[in-house]
Structure formats: structure tokens, C-alpha cells
Amino acid sequence: MGITSSESFFEKVYAVVRRIPQGKVATYGDIAKSIGSPGAARMVGWAMNASHALDDVPAHRVVNRNGLLTGKAHFAHPDLMQQLLENEGIVVIDNQIQDFKTKIWVPPLPEEA
DNA sequence: AAGGTGACCGGCC
DNA sequence: TGGCCGGCCACCT
């Protein structure tokens, strides 16, 4: 695997994820929409899996639509994702982000940007 | 070149 | 009120 092109779908995903403010989270679906590929939410998750090597992509700030830490298993440590979030002031109980509605950050759509 | 796959989503039982 | 099913799209073999 590897980055085949600097303009790949993955790179677009990373660009958005890098913009997620500290203490906030974004959903896979919203990120997919923001890069002009609504419905490619699953691929966003895949991109996160590949972002492993990159140190400037805050993959822990990406959760599913319910505010659930569905990707935690893919981190170096199963509890690493939760710890990183709690470091930023987000409370997580049983893989669920508390007060999720106020923590969510919606990336700008292509039209708005 | 075709098919399998996944850190999802929405809608329908 | 919760679980299942199908669709979805880019990437990999």
C-alpha cells in the first residue's frame, strides 16, 4: 500500500481531518461529503487505517455518526483513541462520546468552501 | 479486468 | 427501541 498519488482520495481525507479543531470530532459521513464523495464514508475509515504512518493526522477525532469510537481497535493500543480524546477534554464512557452534539464539528462543504 | 472488502450510513422490519 | 440488510465508493490482489 502506499500513497500512489498526492491527489488521491486519501489525501483529501487527510486534509480535512487535519482541520478538525482540538476538542472536537467529525464523523466519517460528514468528511466524505466535504470532499465531494457522499456515500464514501467507509472509504474514509479505510483512509484512517492507512494514516497510521502519518503523525500529523488526528485520526482519533474521527468517529461514527453516533459518537461511538468504532475505530479504537485499529490504534496501537485499544485504549489509545479514548485517551487522546480525553486529553482534549472529551469525556468517553463505554466507547461513547458524552455530550456528542456539542463536540461534533462539521467540515465545510465543497460548495461553501 | 473483475471481484472482494471495509474504523459507515440510512432506512426498514 | 433496537437490530438487520442493502447500498455505497475507492482501493487492493
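Buried means under 20% relative accessible area, exposed means over 50%, and partly exposed lies in between, with a 1.4 Å probe and protein chains only. By that rule Lys-72, at 19% relative accessibility, counts as buried.

This is a predicted model: local features need pLDDT of at least 70, side-chain atom pairs count only at pLDDT 80 or more, and totals for chains, interfaces and linings use all residues. Residues are numbered from 1 along each chain as its sequence is written, chains are lettered from A and ligands numbered from 1 in the order in which they are written, and side-chain values use heavy atoms, with hydrogens and water left out.

**Lys-72 and its surroundings**

Lys-72 sits in the loop between E2 and H4. Helices (H or I, at least four residues) and strands (E, at least two) are DSSP runs, numbered from the N terminus. Not counting residues up to four places away in sequence, Lys-72 touches His-77, Pro-78, Asp-79, Met-81 and Asn-95. Contact here means heavy atoms within 4.5 Å.

Two of these neighbours pair with Lys-72 through polar atoms. The side chain of Asn-95 makes a polar contact of 3.2 Å with that of Lys-72. A polar contact is a pair of N or O atoms within 3.5 Å; within protein, one must be able to donate a hydrogen and the other to accept it, and residues adjacent in sequence count only if both atoms are side-chain atoms. Asp-79 forms a salt bridge with Lys-72. Asp-79 is partly exposed, at 41% relative accessibility.

**Salt bridges**

The structure holds four salt bridges. The term means a side-chain nitrogen of Lys or Arg within 4 Å of a carboxyl oxygen of Asp or Glu. The table lists three, with the distance between the closest N and O atoms.

| Residue | Partner | Closest N and O atoms |
|---|---|---|
| Arg-18 | Asp-56 | 2.8 Å |
| Asp-30 | Lys-33 | 3.9 Å |
| Asp-79 | Lys-72 | 3.7 Å |

Arg-18 lies in the loop between H1 and strand E1 (26–27), and Asp-56 in the loop between H3 and E2, so this pair ties together parts that are 38 residues apart in sequence. Arg-18 is partly exposed, with a relative accessible area of 35%. Asp-56 is also partly exposed, at 40%.

Asp-30 and Lys-33 both belong to helix H2. They are three residues apart, about one turn of the helix. Asp-30 counts as buried at 17% relative accessibility, whereas Lys-33 is partly exposed at 45%.

**The nonpolar core**

In soluble globular proteins, nonpolar side chains tend to be buried together. A nonpolar core is a set of buried Ala, Val, Leu, Ile, Met, Phe, Trp, Tyr and Cys residues joined through side-chain atoms within 4.5 Å. The largest one here has 28 residues. Val-13, Val-17, Ile-31, Met-48, Leu-85 and Ile-97 touch the most other members. Helix H1 (9–17), H2, H3, strand E2 (62–63) and helix H4 (80–87) each give two or more residues to this core. H1 gives the most, with four.

Ile-97 has contacts that include Val-25, Val-63, Leu-69, Leu-85 and Ile-90, leaving aside residues up to four places away in sequence.

**DNA strand B**

DNA strand B is surrounded by 16 residues. Tyr-28, Arg-42, Met-43, Trp-46 and Arg-65 are the closest. A residue is near a strand if one of its heavy atoms lies within 4 Å of it. Helix H3 (41–50) gives the most to this surface, with seven residues. Helix H2 (28–34) supplies at least two.

Of the strand B atoms within 4 Å of the protein, 42% belong to sugar or phosphate and the rest to bases. A polar side-chain atom of Tyr-28 lies 2.8 Å from a base nitrogen. A polar backbone atom of Gly-29 is 3.2 Å from a phosphate oxygen. The side chain of Thr-70 places an N or O atom 3.4 Å from a phosphate oxygen.

**DNA strand C**

Nine residues lie around DNA strand C, and Phe-9, Phe-10, Ser-37, Arg-42 and Met-43 come nearest. Sugar and phosphate account for 65% of the strand C atoms within 4 Å of the protein. A backbone N or O atom of Phe-9 is 3.4 Å from a phosphate oxygen. For Ser-37, a side-chain N or O atom is 3.5 Å from a phosphate oxygen. A polar side-chain atom of Arg-42 lies 3.3 Å from a base nitrogen of strand C. H1 and H3 are the elements that give two or more residues to this surface.
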